[in-house]
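Biologist: Could we go through this model together, slowly enough for someone in their first year? I would like to begin with what the accessibility words stand for.

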Amino acid sequence: MTVQPGALLTPLAISVLALLEERPMHPYEMYQTLLQRREDYLVKIRPGSLYHTVTRLAERGMVTAEGTDRAGNRPERTIYRITPGGTTALRARIADIIRRPVREYPLFPHAMSEAHNLPADEVIALLRDRIGRLENDRTELDVLHRWLTTHEVPRRYWMVLEYLRGQADAELVWLRRIVTELADGTLAWDDFAPDGTRMPAPTNAIGPDWGSAVTDDVLAELRKEERNA
């Protein structure tokens with residue numbers, strides 16, 4: 001099987017190559033620049049991971065060392081530049097990610113799929129806490145949006161903040177609905193004893209194994225009905 005040029009690029013590798021598309025840098029400058037640009041909204045940035053990423057990119061011929069730099073009494077730092085192969089890999093990876101939706105397996109949906117293991121009152125309290133944190137995040141995005149538009153920064157550099165804002169809006173709407181339905185009993189929930197023991201649930205309903213009831217044939221028929229609706 002042929003591996004596409006950018007198929008193995010991690011999110012941090014994409015960020016590193018994108019920086020080097022602008023100009024040669026040493027890894028510490030890359031780290032500082034990513035943080036200053038608030039790239040940590042999008043990518044987990046750790047110094048050790050970044051240095052390891054640069055080393056791996058160099059081994060694969062996507063970046064190359066072109067000299068060293070020394071500031072004061074600090075050790076020399078190796079400066080890297082992107083290679084033509086690195087540019088090709090970067091563009092291919094960006095294009096593939098934009099084109100093709102993939103399951104990214106974020107933690108929160110997984111936790112919510114197992115939230116029935118907690119009492120309803122606890123879930124409500126946890127979700128209300130999450131709502132408050134998301135509202136703070138959304139406020140920060142709004143502040144950044146106003147600053148960026150006021151300073152006429154080209155939108156192509158920060159349009160992803162609009163995407164993050166939209167995600168926050170959609171999640172907040174859903175979270176508030178779930179909290180309301182849990183609180184008023186619309187969303188049925190298992191009962192728990194005072195000691196935290198789950199009370200027996202009715203056995204005549206499909207429960208957590210509902211996925212096994214939706215076979216490939218059933219799913220194909222449902223899709224057909226949706227297309228014809």
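Modeller: Buried means under 20% relative accessible area, exposed means over 50%, and partly exposed is in between. Please keep in mind that this is a predicted model.

Biologist: Okay, so is Asp169 buried, partly exposed or exposed?

Modeller: Asp169 has a relative accessibility of 26%, so it counts as partly exposed.

Biologist: And which residue does Asp169 form a salt bridge with?

Modeller: Asp169 pairs with Arg165, and the closest N and O atoms of the two are 2.5 Å apart. Both residues are in helix α7, four residues apart, so about one helical turn separates them. Arg165 is partly exposed as well, because its relative accessible area is 23%.

Biologist: What span should helix α7 have, going by its residues?

Modeller: Helix α7 covers residues 159-184, which makes 26 residues, and at 1.5 Å a residue it should span 38 Å. The C-alpha atoms at its ends are 38 Å apart, so the expected span and the model agree.

Biologist: Which residues of α7 are buried, and what do they pack against?

Modeller: The buried ones include Leu161, Leu164, Ala168, Glu171 and Leu172, and further along the helix Leu175, Ile178, Val179 and Leu182 are buried too. The buried residues of α7 pack against two other helices, α5 (107-113) and α6 (120-150).

Biologist: What happens just after α7?

Modeller: Just after the helix comes Gly185, which takes a positive phi of about 85 degrees.

Biologist: Back to salt bridges, how many are there in the whole structure?

Modeller: A search of the whole structure finds 17. One of them joins Arg91 to Glu21, with the closest N and O atoms 3.7 Å apart. That pair links distant parts of the chain, since Arg91 is in helix α4 (residues 84-99) and Glu21 is in helix α1 (residues 11-22), 70 residues apart.

Biologist: Are those two buried or exposed?

Modeller: Arg91 has a relative accessible area of 57%, so it is exposed, whereas Glu21, at 35% relative accessibility, counts as partly exposed.

Biologist: What about Arg93, which residue does it form a salt bridge with?

Modeller: Arg93 forms one with Asp96, where the closest N and O atoms are 3.8 Å apart. These two residues both lie in helix α4, three residues apart, or about one turn of the helix. Asp96 is partly exposed because its relative accessible area is 22%. There is also a network of salt bridges that links Arg93, Asp96, Arg99 and Arg100.

Biologist: Changing topic, which residues form the nonpolar patch on the surface?

Modeller: The patch is formed by Ile206, Trp210, Val214, Val218, Leu219 and Leu222, and together they have about 550 Å² of accessible area. Helix α9 (residues 216-228) gives the largest share, three residues.

Biologist: And where is Val214?

Modeller: Val214 is in the loop between α8 (210-213) and α9, and it counts as partly exposed because its relative accessibility is 32%.

Biologist: Last one, where is Thr149 and what lies 3.0 Å from its side chain?

Modeller: Thr149 is in helix α6, and a polar atom of its side chain lies 3.0 Å from the backbone oxygen of Arg146. With a relative accessible area of 39%, Thr149 is partly exposed. Thr149 and Leu57 are 92 residues apart along the chain, and their C-alpha atoms are separated by 35 Å.

Key: Residues are numbered from 1 along each chain as its sequence is written. This is a predicted model: local features need pLDDT of at least 70, side-chain atom pairs count only at pLDDT 80 or more; totals for chains, interfaces and linings use all residues. Side-chain values use heavy atoms; hydrogens and water are left out. The expected span of a helix is 1.5 Å times one less than its number of residues. Buried means under 20% relative accessible area, exposed over 50%, partly exposed in between (1.4 Å probe, protein chains only). Contact means heavy atoms within 4.5 Å. Patches are made of residues with over 30% relative accessible area and no salt bridge: like charges are joined within 9 Å, nonpolar side chains (Val, Leu, Ile, Met, Phe, Trp, Tyr) within 5 Å. Accessible areas come from the Shrake-Rupley method with a 1.4 Å probe; for residues, only the protein chains shown count as cover. A salt bridge is a side-chain nitrogen of Lys or Arg within 4 Å of a carboxyl oxygen of Asp or Glu. A polar contact is a pair of N or O atoms within 3.5 Å; within protein, one must be able to donate a hydrogen and the other to accept it, and residues adjacent in sequence count only if both atoms are side-chain atoms.
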